[in-house]
Amino acid sequence: WMETHAADRFANLRLNEAIGVGAEVLVTACPYCITMFEDSRAVLNYDDVIQVKDITEILQEVI
């Protein structure tokens with residue numbers, strides 16, 4: 001967080017990095033992060049490119 005410039009949104013940077021390496025799903029256990037990533041996903045028009053999920057959703061899918 002400290003190395004991110006004020007003009008850059010942290011979530012936008014992380015989404016771009018995830019997509020850059022071919023990720024289709026971004027998983028976190030932090031409710032605040034989910035909100036930030038979902039907002040950035042909508043702003044950047046990545047709705048069809050990457051999903052944002054809570055770790056419990058992944059666990060539920062495999063059980």
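Buried, in this tour, means under 20% relative accessible area, exposed means over 50%, and partly exposed lies in between (1.4 Å probe, protein chains only). Keep those classes at hand as you click through the model.

This is a predicted model, in which local features need pLDDT of at least 70 and side-chain atom pairs count only at pLDDT 80 or more, while totals for chains, interfaces and linings use all residues. Residues are numbered from 1 along each chain as its sequence is written, and side-chain values use heavy atoms, with hydrogens and water left out.

**Stop 1: the whole chain**

Start with a cartoon view. You should find 3 helices and 2 strands, running α-β-α-β-α from the N terminus on. Helices (H or I, at least four residues) and strands (E, at least two) are DSSP runs, numbered from the N terminus. Of the 63 residues in the protein, 30% are buried. A contact here means heavy atoms within 4.5 Å; among contacts between residues at least 6 apart in sequence, 70% join residues at least 24 apart. Switch on the surface, and the protein exposes about 4600 Å², with carbon and sulfur atoms supplying 56% of it. Accessible areas come from the Shrake-Rupley method with a 1.4 Å probe, and for residues only the protein chains shown count as cover.

**Stop 2: helix α1**

Select residues 10-20, which form helix α1. Its buried residues are Phe10, Ala11, Asn12, Leu15 and Ala18. What covers them includes β1 (25-28) and α2 (31-43). Just after α1, look for glycine 22, which takes a positive phi of about 90°.

Now zoom in on asparagine 12, in helix α1. At 15% relative accessibility, asparagine 12 counts as buried. Which residues does asparagine 12 touch, not counting residues up to four places away in sequence? They are Ser40 and Leu44. With serine 40, the asparagine 12 side chain makes a side-chain polar contact at 2.5 Å. A polar contact is a pair of N or O atoms within 3.5 Å; within protein, one must be able to donate a hydrogen and the other to accept it, and residues adjacent in sequence count only if both atoms are side-chain atoms.

**Stop 3: the salt bridges**

Side chains of opposite charge can pair when their charged atoms come close. A salt bridge is a side-chain nitrogen of Lys or Arg within 4 Å of a carboxyl oxygen of Asp or Glu, and by this rule the count comes to 5.

Select aspartate 39 and arginine 9 together: their side chains meet in a salt bridge, 2.8 Å from N to O. Aspartate 39 lies in helix α2 and arginine 9 in the segment before α1, so the pair ties together parts that are 30 residues apart in sequence. Aspartate 39 is partly exposed at 36% relative accessibility, and arginine 9 is partly exposed at 35%.

Next, pick glutamate 38 and arginine 41, whose salt bridge has its closest N and O atoms 3.0 Å apart. These two are 3 residues apart in helix α2, about one helical turn. Glutamate 38 is partly exposed, at 29% relative accessible area, whereas arginine 41 is buried at 15%. Add Asp47 to the selection: salt bridges that share partners join Glu38, Arg41 and Asp47 into one network.

Then move to lysine 53 and glutamate 61, where the salt bridge spans 2.6 Å from N to O. Is lysine 53 buried or exposed? Lysine 53 counts as buried, with 14% relative accessibility.

**Stop 4: the cysteines**

A disulfide is a pair of cysteine sulfur atoms within 2.5 Å, and by this rule the count comes to 0. Show cysteine 30: its nearest cysteine sulfur, that of cysteine 33, is 3.3 Å away, and cysteine 30 is in no disulfide. Cysteine 33 is likewise in no disulfide. Cysteine 30 is partly exposed, at 27% relative accessibility, while cysteine 33 is buried at 16%.

**Stop 5: a nonpolar patch**

Finish on the surface by selecting Val25, Val27, Ile55, Leu59, Val62 and Ile63, which make a nonpolar surface patch of about 570 Å². Patches are made of residues with over 30% relative accessible area and no salt bridge: like charges are joined within 9 Å, nonpolar side chains (Val, Leu, Ile, Met, Phe, Trp, Tyr) within 5 Å. Both β1 and α3 (55-62) supply at least two residues each, and α3 gives the most, with 3 residues. For a last click, try valine 62 in helix α3, which is exposed with a relative accessible area of 66%.
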